Amino acid sequence: MRRTITGFSNPTVKFLRSLREKKHRRREGKFLAEGLRLLTDARECGLLPEILVMASGRPSHPLLNELEASVNAAGGDIIEMDEEILAKVTGKENPQAVAGVFAEFDTSLARLNRAAAPIWLVAQALRDPGNLGTMLRTGDAVGAGGLILIDDCADPFSVEAVRASMGAIFTQHLAIARWDEFLPWLRSGPGQLVAASLRDPTDYRAAAYQAPCFLLVGNESQGLPAAYEAECDLRVTIPMRGRADSLNAAVAGAVLAYEALAKLDS
């Protein structure tokens, strides 16, 4: 059954707005996803929002009707509110007509099956949520096993990162770990660690990639620490033909992912 919220001071509105802040997401173990496409992707992956929020007076849509029926059948909370209130919840002046609250996923390394895919994306100290979301989206595009976030990265459950992922937050496995946790886990089984690097690198097109291949990119401005690069099985570089000395971290990850996939598929 739906319920309607008409006031900004409603406790549920305050709760939903609080999920835009990391400390509240961590406390509640919940995150906010906005847009019918994202919520439909989640449903197709077997995930339903605990709370479904819809703008009052929205046009009828078959996918939204199916989503509402599924949430209702699962005992979720379905809420209608004015678009102006929904804009306060999402932090956007022109919000999507639907948003959902999901439980955060288990992000431990132990739940990953490295044999599930030939390539995996790994990002160290990635600070921009847009880059993080783009890397998730890239992983989905290339059929990667998922994204492993190392050290102090942006929050993958932030509204900005979830939005940038275009639904890949639900299709990709996600793990969060410190370097001293990740490296022993990686070395406990098969896996080639390949770094995007300028230190004694091989041209990325001439590199010998091996599955499962873990493609590691570093911080947007500082790159990877030298000690991390020294632990890698292979260091590769993408030639720059213009004045730029490097690519955006997410773009570099995408270029390497497609090249590694092509080599592994050949």
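This passage looks at the nonpolar cores and the salt bridges of a predicted model.

Packing comes first. The largest nonpolar core counts 51 residues, and the members that touch the most others are Leu147, Tyr209 and Leu215. Helix H11, which spans residues 249-265, puts in the largest share of this core, with seven residues. Tyrosine 209 is worth a closer look. Once its neighbours within four places in sequence are set aside, its contacts include Leu215, itself another of the three members that touch the most others. The rest of the contact list for tyrosine 209 runs through Gln192, Val194, Tyr204, Val236, Leu256, Glu259, Ala260, Lys263 and Leu264. Apart from this core there is a second, separate one of 21 residues, with Leu109, Trp120, Trp185 and Leu224 among its members.

Now for the charged pairs. The model has 16 salt bridges in total, and three of them are picked out here.

Arginine 25 pairs up with aspartate 155, with 2.7 Å between the closest N and O atoms. This one links distant parts of the chain: arginine 25 sits in helix H2 (residues 22-28), while aspartate 155 is found 130 residues away, in the loop that runs between strand E7 (146-150) and helix H7 (159-164). Both partners, arginine 25 and aspartate 155, are buried.

Next up is the bridge between the side chains of glutamate 68 and arginine 58, at 3.9 Å from N to O. Glutamate 68 belongs to helix H4 (residues 62-73) and arginine 58 to the loop between strand E3 (51-55) and H4, so this bridge ties together parts 10 residues apart in sequence. Glutamate 68 has a relative accessible area of 13%, so it counts as buried, given the cut-off of under 20%. Arginine 58 is buried too, because its 17% also falls under 20%.

The third bridge brings together the side chains of aspartate 152 and arginine 178, 2.8 Å apart from N to O. Here again distant parts of the chain are linked: aspartate 152 comes from the loop between E7 and H7, and arginine 178, 26 residues away, from the loop between strand E8 (173-177) and helix H9 (179-187). Aspartate 152 is partly exposed, with a relative accessibility of 44%. Arginine 178 is partly exposed as well, at 38%.

Some bridges also share partners: Arg2, Arg58, Glu68 and Glu80 are joined by them into one network. Two of those names, Arg58 and Glu68, are the buried pair described above.

Conventions: Residues are numbered from 1 along each chain as its sequence is written. This is a predicted model: local features need pLDDT of at least 70, side-chain atom pairs count only at pLDDT 80 or more; totals for chains, interfaces and linings use all residues. Side-chain values use heavy atoms; hydrogens and water are left out. A nonpolar core is a set of buried Ala, Val, Leu, Ile, Met, Phe, Trp, Tyr and Cys residues joined through side-chain atoms within 4.5 Å. Buried means under 20% relative accessible area, exposed over 50%, partly exposed in between (1.4 Å probe, protein chains only). Helices (H or I, at least four residues) and strands (E, at least two) are DSSP runs, numbered from the N terminus. Contact means heavy atoms within 4.5 Å. A salt bridge is a side-chain nitrogen of Lys or Arg within 4 Å of a carboxyl oxygen of Asp or Glu.
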